[in-house]
Amino acid sequence: MEMELWEADDIDLVGPAFIEIDPDLRGEFRFIAVDGGLDCRAVERTGRAGVEFSWQGSDEGDEVSGRGWAAVTDDGALEGRIFFHDGADSGFRAVRL
């Protein structure tokens, strides 16, 4: 996984970074010390299958929330952007393991 705002080593700070979206359009993610649950809606983004999502979780124990989107790329990766409510946002790229 790659992120626009953070170095690769930092992304895996408390364990391997991941984003996981289930067929029921619920999911989970973790990067650095942030983890949360996703509530997704299926969408098409620039002609590709994707999701838009809201999320809530914690950042070093503090409650955080936000929104984001992700879409499957031609090479099968997942690219998107995650937004923190009243805070930063970052692009990301994830590959299937």
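The largest pocket holds about 600 Å³ of space. A pocket here is an open set of points on a 1 Å grid over the protein atoms alone, with protein on both sides within 12 Å along at least five of seven lines. Grid points are joined across faces, edges and corners, and a volume is the space filled by probe spheres set on the points. This is a predicted model, in which local features need pLDDT of at least 70 and side-chain atom pairs count only at pLDDT 80 or more, while totals for chains, interfaces and linings use all residues. Residues are numbered from 1 along each chain as its sequence is written, and side-chain values use heavy atoms, with hydrogens and water left out.

**Around the pocket**

Which residues lie nearest the centre of the largest pocket? They are Ile19, Leu78, Ala94, Val95 and Arg96, out of 21 lining residues; a lining residue has an atom within 4 Å of a point. Strand β2 gives the most to this lining, with four residues, and β5 and β6 each supply at least two. Strands are DSSP runs of E with at least two residues, numbered from the N terminus. By class, the pocket lining has 16 nonpolar, two polar and three charged residues. Here Ala, Val, Leu, Ile, Met, Phe, Trp, Tyr, Cys and Pro count as nonpolar, Asp, Glu, Lys and Arg as charged, and the others, Gly among them, as polar.

Alanine 94, one of the residues nearest the pocket centre, belongs to strand β8. Alanine 94 is buried, at a relative accessible area of 9%; buried means under 20%, exposed over 50% and partly exposed in between, with a 1.4 Å probe and protein chains only. Beyond its neighbours within four places in sequence, alanine 94 is in contact with Met1, Ile19, Ala77 and Leu78, where contact means heavy atoms within 4.5 Å.

**A closed space**

How many cavities of 30 Å³ or more does a search of the whole structure find? There is one, and the largest cavity has about 60 Å³ of space. A cavity is a set of points where a 1.4 Å probe fits but cannot get out. Among the residues lining the largest cavity are Met1, Ile19, Phe29, Phe53 and Ile82. Strand β3 gives the largest share of that lining, three residues. The cavity lining divides into nine nonpolar, no polar and one charged residue.

**The sheet**

Let's turn to the strands. Eight of them form an open sheet in the order β1-β8-β7-β6-β5-β4-β3-β2, with antiparallel pairing. β1 (2–3) and β2 (18–21) stand at the edges with a single partner strand each, so one side of each has no neighbour in the sheet. Two strands count as paired if DSSP finds at least two bridges between them. Strands of a sheet pair through backbone hydrogen bonds. The table sets out three of the pairings.

| Strand pair | Bridges | One pair of opposite residues |
|---|---|---|
| β3 (residues 26–31) and β4 (residues 34–45) | six | phenylalanine 29 and glycine 36 |
| β4 and β5 (residues 48–59) | twelve | aspartate 39 and serine 54 |
| β5 and β6 (residues 62–72) | ten | glutamate 52 and tryptophan 69 |

β4 and β5 form a hairpin with two residues between them, and threonine 46 in that turn has a positive phi of about 45°. Threonine 46 counts as exposed, because its relative accessibility is 74%. The hairpin of β5 and β6 also has two residues between its strands, and there glutamate 60 takes a positive phi near 55°. Leucine 25, in the loop between β2 and β3, has a positive phi near 65°. With a relative accessibility of 27%, leucine 25 counts as partly exposed.

**The core**

Which residues have the most contacts inside the largest nonpolar core? In this core of 21 residues, they are Ile19, Phe29, Phe31, Leu38, Phe53, Trp55 and Ile82. A nonpolar core is a set of buried Ala, Val, Leu, Ile, Met, Phe, Trp, Tyr and Cys residues joined through side-chain atoms within 4.5 Å. The elements giving two or more residues to this core are β3, β4, β5, β6, β7 (78–84) and β8 (89–94). Not counting residues up to four places away in sequence, phenylalanine 53 touches residues including Leu38, Cys40, Trp69, Ala70 and Ile82. Phe53 also lines the largest cavity.
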